[in-house]
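I am opening a new page to note what I looked up, one topic at a time.

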Amino acid sequence: MFIGIGIIDFRKQFKTEEDCLKYLVDIKWGNGYKCIKCGHNEYYKGRQWFYRRCRLCMYDESVTAGTLFHKCKLGLLRAFEMAFRICVRKKGMSTCELGKELGCQQKSAWLFKAKLQEAMKSSEQHQLQGKVEIDEFMVGGFEQQAPGRTHGEKSLVVLAVERVIDKKGNENLGRAYARVIDDASAESLKTIFEKHIAKEAEAKTDGWRGYIPLKKEWNINQELSNKGERFKLLHTHVMNIKGWLRGIHHKCSSKRLQNYLNEYHFRFNRRGFMDTILHNLIGKSMNMQPIPYTKLKVCELNT
Ligand SMILES: [Zn+2]
């Protein structure tokens, strides 16, 4: 298992493609072999050392088969380094920078980063607990708001954050999740509650009526006045997300915004465990089915 946040540690452990393959073999088969075709658990040697051939169906499986690293055009060493750089830097890295630093085209960097963002999606297994604050905000588009309740080129996002007491006894943010929503109706708002907020959490929102129907299932307390003051930590988080999208990525199409929010919170929710974050991301990538490039909305090349 790789532990570290420095590029020197990274380069010490991963010098060659073979080092990366060994790492993947350990993750995939370290606790035993199971054929991806038929589920059988006995094998022969495969055509190369990082292959295993099933004794039952004879399928010769590469360590990268059935994972996000399958047919990775960048090569594994570069793919690992890209994952490392995106993970350990507080603000990640744009694919322009990644392309330059890793000596590949921006487009190739973009394509692999888009795959990594899929692996950075929340498992939805660890719901927010305790004191949770929820609010919506707008991202992108033009400064001038469209009239009425429509949001024009902008995207609407709902954010949920945990409020915790940190080691120094101060109120602070715990974990957080954000979702792009079509509108602020109860039906749209419900998704973040279902996926990310525990039923027993003490949820707090502003007075928006869209939250009212959700009170049947969740413990929601609505506070009407001056949300800027009361939701200070949450709004700092909103400013940080917006600043990140502007600063690193300049712009982000609404179609891909959810992926960027996933990336942001993958890092944010692991900020206390940065030394194992690369191992975590590689592990998640090994559990993901390969994604064909055509599925990544390639036409929308963000930075
Ligand atoms: Zn088999």
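How are the donor residues of the zinc ion spaced in sequence? I read their spacing as C-x2-C-x15-C-x2-C, and I keep in mind that I am working with a predicted model.

Entry on the zinc site. I looked up which protein atoms serve as donors of the zinc ion, and I found the SG atoms of Cys35, Cys38, Cys54 and Cys57, which lie 2.2 to 2.4 Å from the ion. I then turned to the angles among the 4 donor atoms, which run from 101 to 117°, and I noted the site of the zinc ion as tetrahedral.

Entry on accessibility at the site. Is Cys35 buried or exposed? I noted Cys35 as buried, because its relative accessible area is 4% and buried means under 20%. For Cys38 I found 37% relative accessibility, so I wrote this residue down as partly exposed.

Entry on backbone angles. I reminded myself that most residues other than glycine have a negative phi. Against that background I looked up Met58, which is not a glycine and yet has a positive phi of about 65°. I located Met58 in the loop between β2 (51-54) and β3 (60-62), and I recorded it as partly exposed, with a relative accessible area of 40%.

Where does Lys71 lie? I placed Lys71 in the loop between β3 and α3 (76-88), and I noted that its phi is positive, near 50°, although Lys71 is a residue other than glycine. Lys71 has 67% relative accessibility, so I counted it as exposed, since exposed means over 50%.

Notes
Residues are numbered from 1 along each chain as its sequence is written. This is a predicted model: local features need pLDDT of at least 70, side-chain atom pairs count only at pLDDT 80 or more; totals for chains, interfaces and linings use all residues. Side-chain values use heavy atoms; hydrogens and water are left out. Donors are N, O and S atoms within 2.8 Å of the metal (3.2 Å for Na, K and Ca); water is not among the atoms, so sites may look incomplete. Four donors count as tetrahedral if all angles lie between 85 and 135 degrees; four count as square planar and six as octahedral if opposite donors are over 155 degrees apart and all others between 65 and 115; anything else is irregular. Buried means under 20% relative accessible area, exposed over 50%, partly exposed in between (1.4 Å probe, protein chains only). Helices (H or I, at least four residues) and strands (E, at least two) are DSSP runs, numbered from the N terminus.
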